[in-house]
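Ready for a few exercises on a fold? Take a look at the model, then work through each task with its solution.

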Amino acid sequence: MVLEGQTALVTGVGHGLGKAIARKLASDGARIYGADIHADELDSVAAEFQAEGYTFQGRIVDVSDPEAWHSWVKDVTDRESAMHILVNNAGGVAGQVHHPIEAVADQDFDRIVQINLYGAFYGIRAVAPSMKQQGYGRIINISSGAGLTHSLTGIQAYSSAKAGQIGLTRQMAFELGPFGITVNNVAPGFVISNPTTHRQWEAMGADGQHNLVQSIPMRRLGEPEDIAAMVAFFAGKEAGYITGQVISVDGGLIMR
């Protein structure tokens, strides 16, 4: 129970990576405040976690809405004496698929950037005052291998937003370090964790699936629990002298 007594905010908690991250942090003792835009999934997670004995409070939050962030964080700070951990996990491609760059609409590009980059910015901005005041905090952003190289699905806005999020991580680590706050980034490889990734996997076909797995030194796809384990490490006290780092959890696909 290395996180006993700590409060953690996790976005995109309704399924996949967010759910696994929240469960891992809860199993380590944290009280979880989870956000998602899907009410049914949020209710399902709340029921599961409560049945497992975890402390969980869910809330519908669109991470691309700064006012929603402000309201959520105010509610948490009104309930809790301190806010220790923020995991900016919510993201994705908003149901989009690859189009040639000349066919990409402004609003489609903007929507993905709003979710993946602005969402992380709004979250950090919302929790920073509380974390600064207490002189402690752990912020973990979930990016992607697409932010380090390119998008496997060819979505320009996604790779751009995730690369921007990595830059935001480093800048915030520099700015918030003097206040005892670490800011790090986990870059997952391909993980089948939600309906979108299921569709992407199926669209590859048997040959594409085989080729992808063979390109990974560990010769397997990642599991949500692989990502959650890295987040939990960054969230713990033992990672107190690690900040501004990007760790690829991808079976060795990207080696830098």
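**Exercise 1.** Find how strand 4 and strand 5 are joined, then place them in their sheet.

*Solution.* Start with the pair itself: strand 4 and strand 5 run parallel, joined by 4 bridges. Strands here are DSSP runs of E with at least two residues, helices are runs of H or I with at least four, and both are numbered from the N terminus. Two strands pair if DSSP finds at least two bridges between them. Across this pair, leucine 86 sits opposite isoleucine 139 of strand 5.

Next, zoom out: the open sheet has 7 strands in the order 3-2-1-4-5-6-7, with parallel pairing. Strand 3 (56-60) and strand 7 (246-249) are the edges; each has a single partner strand, so one side of each has no neighbour in the sheet.

By the way, this is a predicted model: local features need pLDDT of at least 70, side-chain atom pairs count only at pLDDT 80 or more, and totals for chains, interfaces and linings use all residues. Residues are numbered from 1 along each chain as its sequence is written, and side-chain values use heavy atoms, with hydrogens and water left out.

**Exercise 2.** Which residues does valine 87 touch, leaving out those up to four places away in sequence?

*Solution.* Look for contacts, meaning heavy atoms within 4.5 Å. Valine 87 touches Leu9, Val10, Thr11, Ile21, Leu25, Ile140, Ile142 and Val231.

**Exercise 3.** Which residues of helix 3 and helix 4 make their contact?

*Solution.* Helix 3 passes helix 4 in a right-handed crossing, where the near helix is turned clockwise from the far one by less than a right angle. Helix 3 brings Pro66, Trp69, Val73 and Thr77, while helix 4 brings Gly119, Tyr122, Gly123, Arg125, Ala126, Val127 and Ser130.
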